[in-house]
Amino acid sequence: YPEDRVCAVIALAVAGRPSSDVTRVAADVVRAKGVAGRLHDETVGVLEAARASGVEVVLVSASPRPVVVAAAELLGLGEADVIAVTCVEERGVLGGSLLEPMPYGEGKAACLRSRLAGRPLLVSCGDNAFDMAMLALAELPLAIRPKDRLRAIAHELPALAVLGRVG
């Protein structure tokens with residue numbers, strides 16, 4: 001199945017449920033699965049350097065927003081700092097459609113361009129081929145522990161720097 005559609009289906013699995021319930025369950029899952037212990041040192045280092053320099057940090061993900069927000073909180077980021085796959089919400093209930101553009105592939109770049117409103121993107125981090133459009137926007141594109149698919153096309157972005165082990 002196309003990966004972008006899989007991301008959409010996963011996000012839409014909670015349609016019809018109260019957003020407060022989904023937010024609570026997502027936070028419980030992030031805690032129970034030990035996501036805090038799986039944060040890459042390289043990512044945390046880049047985040048800390050950005051904060052120390054006063055650079056705005058935005059977490060962009062093709063995962064469902066409630067899960068990404070819960071994980072972002074582990075990094076000291078708030079809900080406003082997250083761009084993720086988002087169900088349209090009406091009267092506190094998650095609906096059966098998604099906000100567009102969906103942050104996957106070129107959609108990640110489109111979401112960031114909208115958020116930046118003409119400001120430059122200093123650094124962008126990614127680990128997979130579908131991050132390439134987002135990485136290409138940055139003055140400093142960083143592949144953090146890049147997967148095979150990103151390594152295979154890395155030559156298309158000569159400025160791409162690699163942090164951490166590959167694979």
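Biologist: In what order do the three strands of the open sheet run, and is the pairing parallel or antiparallel?

Modeller: This is a predicted model, so take what follows as read from it. Strand E5 (121-126) and strand E7 (161-163) are the edge strands, since each pairs on one side only. The twist averages 30 degrees from one strand to the next. The pairing is parallel, and the order is E5-E6-E7.

Biologist: How many bridges hold E5 and E6 in register?

Modeller: Strand E6 covers residues 138-144 and pairs with E5 in the parallel sense. As one point along that pairing, Gly 126 stands opposite Ala 143 in E6. The count for E5 and E6 is five bridges.

Biologist: Which helix lies across E5, E6 and E7, and at what angle to E6?

Modeller: Look at residues 41-52, which make up helix H3. Arg 51 is part of that helix. So the one lying across the three strands is H3, and its angle to E6 is about 155 degrees.

Biologist: Staying with Arg 51, is that residue buried, exposed or partly exposed?

Modeller: Arg 51 sits in helix H3, and leaving out residues up to four places away in sequence, Arg 51 touches Val 57, Leu 75, Gly 76 and Leu 77. Buried would need under 20% relative accessible area and exposed over 50%. Arg 51 comes out at 38%, so the label is partly exposed.

Biologist: And how far is Arg 51 from Val 25 in space?

Modeller: In sequence, Arg 51 and Val 25 are 26 residues apart. Going C-alpha to C-alpha, the distance in space is 29 Å.

Biologist: There's one aromatic pair by the count; are the rings of Tyr 104 and Phe 130 stacked or edge-to-face?

Modeller: The ring centres of Tyr 104 and Phe 130 are 4.8 Å apart, with the planes at 25 degrees. Planes under 30 degrees apart count as stacked, over 60 as edge-to-face. At 25 degrees, then, the pair is stacked.

Biologist: Where in the chain do Tyr 104 and Phe 130 lie?

Modeller: The pair links distant parts of the chain, 26 residues apart. Tyr 104 is buried at 17% relative accessible area, and Phe 130 is buried too, at 16%. As for location, Tyr 104 is in the loop between strand E4 (93-98) and helix H5 (106-116), and Phe 130 is in the loop between E5 and helix H6 (132-136).

Biologist: On to charges: which residue does Arg 24 form a salt bridge with?

Modeller: Side chains of opposite charge can pair when their charged atoms come close. Here the closest N and O atoms are 3.9 Å apart, and the cut-off is 4 Å, so the contact counts. Both residues lie in helix H2 (residues 19-32), three residues apart, about one turn of the helix. The partner of Arg 24 is Asp 21.

Biologist: Also in helix H2, is Arg 31 buried or exposed?

Modeller: Arg 31 forms a salt bridge with Asp 28, with the closest N and O atoms 2.6 Å apart. Asp 28 is partly exposed at 34% relative accessible area. Arg 31 has 59% relative accessibility, which makes it exposed.

Biologist: How many salt bridges does a search of the whole structure find?

Modeller: Among them is the one between Arg 151 and Asp 148 in helix H7 (residues 148-153), at 2.3 Å from N to O. Glu 56, Arg 115 and Arg 119 are linked in a network of salt bridges. The search finds twelve.

Methods
Residues are numbered from 1 along each chain as its sequence is written. This is a predicted model: local features need pLDDT of at least 70, side-chain atom pairs count only at pLDDT 80 or more; totals for chains, interfaces and linings use all residues. Side-chain values use heavy atoms; hydrogens and water are left out. Two strands pair if DSSP finds at least two bridges between them. Helices (H or I, at least four residues) and strands (E, at least two) are DSSP runs, numbered from the N terminus. Axes are lines fitted to C-alpha atoms, for helices over the stretch in contact, and angles run from 0 to 180 degrees between N-to-C directions. Contact means heavy atoms within 4.5 Å. Buried means under 20% relative accessible area, exposed over 50%, partly exposed in between (1.4 Å probe, protein chains only). Rings of Phe, Tyr and Trp (its six-membered ring) pair if their centres lie within 6.5 Å; planes under 30 degrees apart count as stacked, over 60 as edge-to-face and the rest as tilted. A salt bridge is a side-chain nitrogen of Lys or Arg within 4 Å of a carboxyl oxygen of Asp or Glu.
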